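Notebook, charged residues and strand pairing. I wanted to look up the surroundings of one acidic side chain, then the strands and salt bridges.

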Amino acid sequence: MNGVIVVTVTQTGNKPEAGKQIELVEKRDTMVTDITGQVVFVVAPGTYTVRAYGLNHGGPVLPFNDSTAVVKAGDTTRISLWDCPLCM
């Protein structure tokens, strides 16, 4: 049985951030956040690297940010990321 990874990207004030590239590194699967700021990956149980591109947290902009998602069968793992386009 598979599990689910839900990645949500919001910007200042909890506004959903559409158009952000999110990669599931081990699967070489890339998606772009929708108008709700989310992408959903359905995967086998395991540990995955969730890579988000183009997020700004203030200070130097990194080319990507990595998070770890541990997925169990039948469960949903949620990753919340923050983008601050005004923090440049």
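Entry 1. I listed the contacts of glutamate 17, leaving out residues up to four places away in sequence; they are Val9, Thr10, Gln11, Thr33, Asp34, Gly37 and Asp83. The model is predicted. I placed glutamate 17 in the loop that runs between strand E2 (15-16) and strand E3 (21-24).

Entry 2. Which side chain of opposite charge is nearest to glutamate 17? I found lysine 20, 4.1 Å away. A salt bridge requires a nitrogen-to-oxygen distance within 4 Å, and glutamate 17 has none, although it is buried.

Entry 3. I searched the whole structure for salt bridges and got 2. One joins lysine 20 to aspartate 83, with 3.3 Å between the closest N and O atoms. These partners are 63 residues apart: lysine 20 sits in the loop between E2 and E3, and aspartate 83 belongs to strand E8. I noted aspartate 83 as buried because its relative accessibility is 2%. Lysine 20 is also buried, at 14% relative accessible area. Aspartate 83 is thus the salt-bridge partner of lysine 20 and a contact of glutamate 17.

Entry 4. I then took the salt bridge between arginine 51 and aspartate 66, where the N to O distance is 2.7 Å. Arginine 51 lies in strand E6 (residues 46-53) and aspartate 66 in strand E7 (residues 64-71), 15 residues apart. Is each partner buried or exposed, by relative accessible area? Arginine 51 comes out buried at 19%, whereas aspartate 66 is partly exposed at 41%.

Entry 5. I turned to strand E1 (residues 3-11), which contains Val9, Thr10 and Gln11 from the contact list of glutamate 17. Why do I call E1 largely enclosed by the rest of the structure? Because 8 of its 9 residues are buried.

Entry 6. I looked up the pairing partners of E1.
- With E8 (residues 76-83), E1 pairs in the parallel sense over 8 bridges; valine 6 has arginine 78 as its bridge partner there.
- With E5 (residues 38-43), the arrangement is antiparallel, with 6 bridges; valine 4 stands opposite valine 42.
- With E2, the arrangement is antiparallel, with 2 bridges; glutamine 11 stands opposite lysine 15.

Entry 7. I checked the backbone of the hairpin formed by E1 and E2, where 3 residues lie between the strands. Glycine 13 in this hairpin has a positive phi near 85°.

Technical notes:
Residues are numbered from 1 along each chain as its sequence is written. This is a predicted model: local features need pLDDT of at least 70, side-chain atom pairs count only at pLDDT 80 or more; totals for chains, interfaces and linings use all residues. Side-chain values use heavy atoms; hydrogens and water are left out. Helices (H or I, at least four residues) and strands (E, at least two) are DSSP runs, numbered from the N terminus. Buried means under 20% relative accessible area, exposed over 50%, partly exposed in between (1.4 Å probe, protein chains only). Lys and Arg count as positive and Asp and Glu as negative; His and the chain ends are not counted. Contact means heavy atoms within 4.5 Å. Two strands pair if DSSP finds at least two bridges between them.
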